[in-house]
Amino acid sequence: MIDFKHSVIYQIWPRSFKDSNNDGIGDIQGIISKLDYLKELGIDCIWLSPIYASPNDDYGYDISDYYAIAPEYGTMNDFDQLLFELKKRGMSILMDLVANHTSTKHAWFIDAYNNPDSEYRDFYFFKEGKNGNPPNNWLSFFGGSSWTKENEHSYYLTSFAPTQADLNWKNPQVRQEIYNVMEFYLKKGVDGFRMDVINCIDKKDGLPDKNPEKKGYQFPDDYLLNGPLVHTYLKEMNEKVLSKYDALGLAEGCLVTLDDAMKYTNPDSKGIQMTFHFDISMLGYGSLGKYDFRKFYRFTTSEFKEVTRKWQNAMQEKNGYVGNFLSNHDNKRHLERFGNIELYYLESAKALALYNFTLYGTPFIYQGEEIGMTNLKLDYSEWKDYEAINSVQAMHDMLHVPLSIAKKIGAYVTRDNARTPVQWSNENYAGFSSVTPWIKLNPNYIHINAHDSMIDPQSIYHFYKKLIVLRKSHEALCTGKFIELNKDHKSILCFKRINDEEELLILINLTKQAADITLDEKLDGIELLHNGLDKELRRVMKLAPYEAHIYQLTKKEEKVKVSLHSSKYRV
Ligand code: TEU
Ligand code: CA
């Protein structure tokens with residue numbers, strides 16, 4: 001199994017990574033051409049978002065053939081070559097496993113749809129409607145009903161887009177088919193899977209209405225998410241597939257609860273090794289996600305600290321494990337959300353990177369994050385993201401939000417923000433392609449691009465590189481215990497990472513205001529990395545906006561021995 005606790009994983013969203021044949025769409029050969037760049041950055045492992053055959057209603061998360069590579073990305077030979085080139089560089093790869101649903105263009109669904117006696121009927125959830133309405137009141141993640149009409153009376157369950165039909169995991173044949181897909185790629189030499197919305201695979205028996213006393217569509221919550229059988233299935237998947245290949249299982253769970261995430265990943269559960277959680281990316285969103293604007297996208301630094309604390313402590317107390325990320329292909333880029341692009345672009349980008357690389361848990365980088373790429377507001381006519389388009393309509397239809405306002409919200413949160421082409425250079429089309437890319441390019445590529453970042457020693461890119469080196473040379477950053485100091489400080493996050501050999505102290509001002517701090521403990525140490533000026537560690541410190549430091553503490557032998565032996569949790 002890959003050494004995931006010591007790895008840095010880089011997410012590639014292939015359509016926008018690098019175009020090699022100049023059709024304006026990123027592809028596998030494009031990825032191969034950038035492996036040296038990733039290696040140089042310090043990446044051990046890539047997570048590749050879906051490259052399988054797909055009608056692209058949800059850009060690859062709607063798979064029509066698990067065994068074929070989408071022609072716009074290349075061929076199976078290209079994929080084999082990618083594996084070869086990765087291994088040659090000592091790098092590994094996690095594939096995206098989209099197994100909660102298939103595209104309605106998948107052969108199983110087509111057969112089920114066309115043939116009432118098809119054995120594939122039971123691969124999906126086909127159900128009679130109720131009095132001219134869908135079979136239940138579940139709200140889809142992308143807005144509107146979770147059901148799509150098959151004919152006048154009958155529907156099928158589509159928890160995301162209407163062309164993503166949910167698979168029925170209670171059918172053992174479905175599970176076997178998915179395990180076969182996994183084996184196919186594991187035999188080729190992939191190292192594991194990032195499992196898309198895997199906590200949705202156990203739907204409540206009978207698919208009953210959620211909160212039937214309420215009007216309108218209801219978010220199905222525990223009727224769809226984190227059902228008890230998810231654990232059973234993950235264990236079975238481990239027994240039948242993952243363990244045989246010593247492969248890594250990484251769950252992506254919509255709104256995964258802390259308890260479930262810890263159970264999924266606790267080694268005793270014999271399921272998977274790592275999960276993502278959504279709590280940092282959900283900050284400022286209402287409980288239903290990014291189109292739930294009840295919080296107006298505002299959150300406090302205390303909330304940010306609270307979420308951090310909750311997950312960090314849980315991992316130690318419950319022996320679970322998460323991957324930490326700030327950006328991905330499902331959320332707008334994080335600098336605008338958690339940092340400050342206008343006034344403290346470099347400082348906040350570096351402070352947030354420092355945060356992500358000093359926590360317990362494997363750090364993930366989303367393509368372009370390492371060069372400080374930013375969001376781009378697209379005109380409505382340029383939107384590509386189905387979630388955005390449908391959610392705007394749903395806000396209008398269901399909540400009576402005027403379309404003009406709904407579109408503003410959509411432009412603000414759409415996933416397109418994070419899906420613009422990676423900016424490689426200041427040449428034509430940012431060196432991504434030599435023709436107009438499939439989605440609008442951010443014009444700021446003239447000054448934000450990988451080529452220039454690699455030349456400038458003060459760049460965000462070089463800071464990421466330093467963080468990766470630092471993480472690899474300090475075991476405490478990978479596996480040390482997390483102990484927070486100054487919990488109630490309103491702007492500064494302060495914590496130690498400790499193991500038997502060393503103690504590190506991390507200080508990050510998460511705000512755009514300068515802040516003073518009097519440390520809970522008197523500590524001595526030397527600076528390992530900072531994002532501004534070198535500063536001596538003192539009990540009372542003043543940090544500039546987004547100022548961040550990592551210190552190596554001078555150990556007080558006696559004190560350390562006592563605290564380690566009395567420690568309840570050993571990570
Ligand atoms: O996303 C899971 C998920 O929870 C989505 O609801 C996502 O957060 C969305 O943008 C909600 O606001 C995964 C994939 O990462 C995403 O790209 C897919 O669209 C989705 O599953 C369906 O496969
Ligand atoms: Ca291409």
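The legends below describe close-up views of two ligand sites in a predicted model.

**View 1. Ligand 1 in its pocket.** Ligand 1 sits in the largest pocket, where 19 residues surround the ligand, and Asp 58, Asp 196, Lys 290, Asp 330 and Glu 387 come nearest. Sorted by class, the shell around ligand 1 is made up of nine charged, seven nonpolar and three polar residues.

**View 2. Side-chain polar contacts of ligand 1.** Three side chains are shown here, each with an N or O atom facing an oxygen atom of ligand 1: for Glu 387 the separation is 2.5 Å, for His 329 the corresponding distance is 2.9 Å, and for Arg 194 the value is 3.0 Å. On its own, ligand 1 has 490 Å² of accessible area, of which the protein covers 95%. Glu 387, whose side chain makes the contact at 2.5 Å, is also among the residues that come nearest to ligand 1.

**View 3. Coordination of the calcium ion (ligand 2).** The calcium ion is coordinated at 2.2 to 2.3 Å by the OD atoms of Asp 19, Asp 23 and Asp 27, together with OD1 of Asn 21 and the O atom of Ile 25. Along the chain, these donors follow the spacing D-x1-N-x1-D-x1-I-x1-D.

**View 4. Accessibility of two calcium-coordinating residues.** Asn 21, which coordinates the calcium ion through OD1, counts as partly exposed because its relative accessibility is 47%, a value in the range between 20% and 50%. Asp 23, which contributes an OD atom to the calcium site, is likewise partly exposed, with a relative accessible area of 35%.

Terms used. Residues numbered from 1 in each chain as written. Chains lettered and ligands numbered in written order. Predicted model: local features only at pLDDT ≥ 70, side-chain atom pairs only at ≥ 80, totals over all residues. Heavy atoms only, no water. Near = heavy atom within 4 Å. Polar contact = N/O pair within 3.5 Å; in protein donor to acceptor, adjacent residues only side chain to side chain. Areas by Shrake-Rupley, 256 points an atom, 1.4 Å probe, with all protein chains shown as cover. 1 Å grid on protein atoms, 1.4 Å probe; cavity = no way out; pocket = protein on both sides within 12 Å on 5 of 7 lines; lining within 4 Å. Sits in = over half its atoms within 2 Å of the grid points. Nonpolar A, V, L, I, M, F, W, Y, C, P; charged D, E, K, R; others polar. Donors = N, O, S within 2.8 Å, 3.2 Å for Na, K, Ca; no water. Buried < 20%, exposed > 50% of the residue type's maximum accessible area, 1.4 Å probe, protein only.
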